[in-house]
Amino acid sequence: MPQLDTSTWFITIISSMITLFILFQLKISSQTFPAAPSPKIMTTKKTNNPWELKWTKIYLPLSLPQQ
């Protein structure tokens, strides 16, 4: 029964790995990735509340005139 010749396996496996590496590199380098997101400048809008439009005085019981 003849023996299996394994002398070429090393070069075959190495060349296959190199070929796959090159193919993956070419595939990845052809992809376009989106740019990094830039921070959005947030501006806060001042809301006018109805109680801020009028001036109201708060009367404390101790500040009322004596009767």
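How many helices and strands are there in the protein chain? In this predicted model, the protein chain has 2 helices and 0 strands. Burial can be looked at next: of the 67 residues of the protein chain, 0% count as buried. The surface that the protein chain exposes comes to about 7800 Å², and carbon and sulfur atoms supply 68% of that area.

One stretch of the chain also carries a label from a database. An unreviewed UniProt entry annotates residues 6-24 as a "transmembrane region". In the model, residues 6-24 are 84% helix and 0% strand, with 28 Å between the C-alpha atoms at the two ends.

A closer look at a single residue helps to complete the picture. Ser-7 is found in the segment before α1, the helix that covers residues 9-29. Is Ser-7 buried or exposed? Ser-7 counts as exposed because its relative accessibility is 56%, and the cut-off for exposed is over 50%. The side chain of Ser-7 also has a partner: a polar contact of 3.0 Å joins it to the side chain of Asp-5.

Note on methods. Residues numbered from 1 in each chain as written. Predicted model: local features only at pLDDT ≥ 70, side-chain atom pairs only at ≥ 80, totals over all residues. Heavy atoms only, no water. Helix = DSSP H or I, 4+ residues; strand = E, 2+ residues; numbered from the N terminus. Buried < 20%, exposed > 50% of the residue type's maximum accessible area, 1.4 Å probe, protein only. Areas by Shrake-Rupley, 256 points an atom, 1.4 Å probe, with all protein chains shown as cover. UniProt positions renumbered as here; feature names shortened; annotations may be inferred. Polar contact = N/O pair within 3.5 Å; in protein donor to acceptor, adjacent residues only side chain to side chain.
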